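Here's a quick tour of how this chain packs inside and what it shows on its surface. Have the model open as you read.

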Amino acid sequence: MSISEEKKKALQQYKNDDGHFSLVRNFRLADLITIMNGVCGTLSILSSARYLILASNIKTPPAEAISTLYFAHLLPILGFGFDALDGKVARWMGGGSMLGQEMDSLADLVSFGVAPATLAFTLGLRTPLDTLALLLFVSCGLARLARFNATVALIPSDASGKSKYFEGLPIPSSLFLTSMMAFWVKKDWYAGAGHGLSDVPFGKVLLWGEKGGYGEVHRAAFIFAVWGAMMVSKTMRVPKF
């Protein structure tokens, strides 16, 4: 059976159900777990926004603002737990669905792409070039997930059908960046910290123009740009455990 025929067969369950809530009725347990991954990523983004609101209000107790910021860092890690669990549940239930495969990539983009970029902006990577680096990071994560979906059948697999390696860094590897930023928060290494270093580590560099202009960029922003480049690398192969 060709790949296209397999997809047609898998999608037949949706074609044969025309009810208003047919999408929800056709959800499998693994699909619901995948959605929780996306929920964690979205809640992390909203928590980052809430922190900025709280931090700008002089009446907000500092402890409340900091706990909100830590919560925003914790959520992508919880999302990874759901990301790891949905595959196990899908195999336990006899296989995943086409819908679940697509939702998995979309949820990963939110939890391990957009959420870390939002956290970085929240902590102080806010110059125009910082923003460009974060956009590059998210775009590379998007491209990496799309490439995986399109070419996974071409990657050598083991006897169970599981791919032997990833081409480029898998996007959940951004949890390292999230953990790094949580450490910055602990050390007060972020913009607006009450004491200590009131900016992210490594400082800024002026590439052109005047200080505070469009040519200024945080050195930490290059970490995100390089990480994105490694995600879309064709030659980097990461063993899949």
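Let's begin on helix 3, where I35 is found. Keep in mind that this is a predicted model. I35 has a relative accessible area of 32%, so it counts as partly exposed, the class between 20% and 50%. I35 also helps make a nonpolar surface patch of about 570 Å², together with L29, L32, M36, V39 and W92. Helix 3 is the top contributor here, giving five residues to the patch.

Now for the inside. As a rule, nonpolar side chains in soluble globular proteins tend to be buried together. The largest nonpolar core here has 32 residues, and L123, F137 and F224 touch the most other members. These helices each supply at least two residues of that core:

| Helix | Residues |
|---|---|
| Helix 3 | 29-55 |
| Helix 4 | 62-92 |
| Helix 5 | 98-123 |
| Helix 6 | 128-151 |
| Helix 7 | 175-186 |
| Helix 8 | 221-231 |

A separate core of five residues lies apart from this one, and includes L129, A133, V217 and A225.

What does L123 touch beyond its neighbours within four places in sequence? The contacts are L69, H73, M181, W184, V185, Y190, A191 and V200.

Helix 6 deserves a look too. Its buried residues include L129, A133, F137, R144 and R147, and the buried residues of helix 6 pack against helix 5, strand 1, helix 7, strand 3 and helix 8. The length checks out as well: at 1.5 Å a residue, the 24 residues of helix 6 should span 34 Å, and the end C-alpha atoms are 34 Å apart, which agrees.

Terms used
Residues numbered from 1 in each chain as written. Predicted model: local features only at pLDDT ≥ 70, side-chain atom pairs only at ≥ 80, totals over all residues. Heavy atoms only, no water. Core = buried A, V, L, I, M, F, W, Y, C linked by side-chain atoms within 4.5 Å. Buried < 20%, exposed > 50% of the residue type's maximum accessible area, 1.4 Å probe, protein only. Helix = DSSP H or I, 4+ residues; strand = E, 2+ residues; numbered from the N terminus. Contact = heavy atoms within 4.5 Å. Expected span 1.5 Å × (residues − 1). Patch = residues over 30% accessible without salt bridge, like charges linked within 9 Å, V, L, I, M, F, W, Y side chains within 5 Å. Areas by Shrake-Rupley, 256 points an atom, 1.4 Å probe, with all protein chains shown as cover. Salt bridge = Lys/Arg side-chain N within 4 Å of Asp/Glu carboxyl O.
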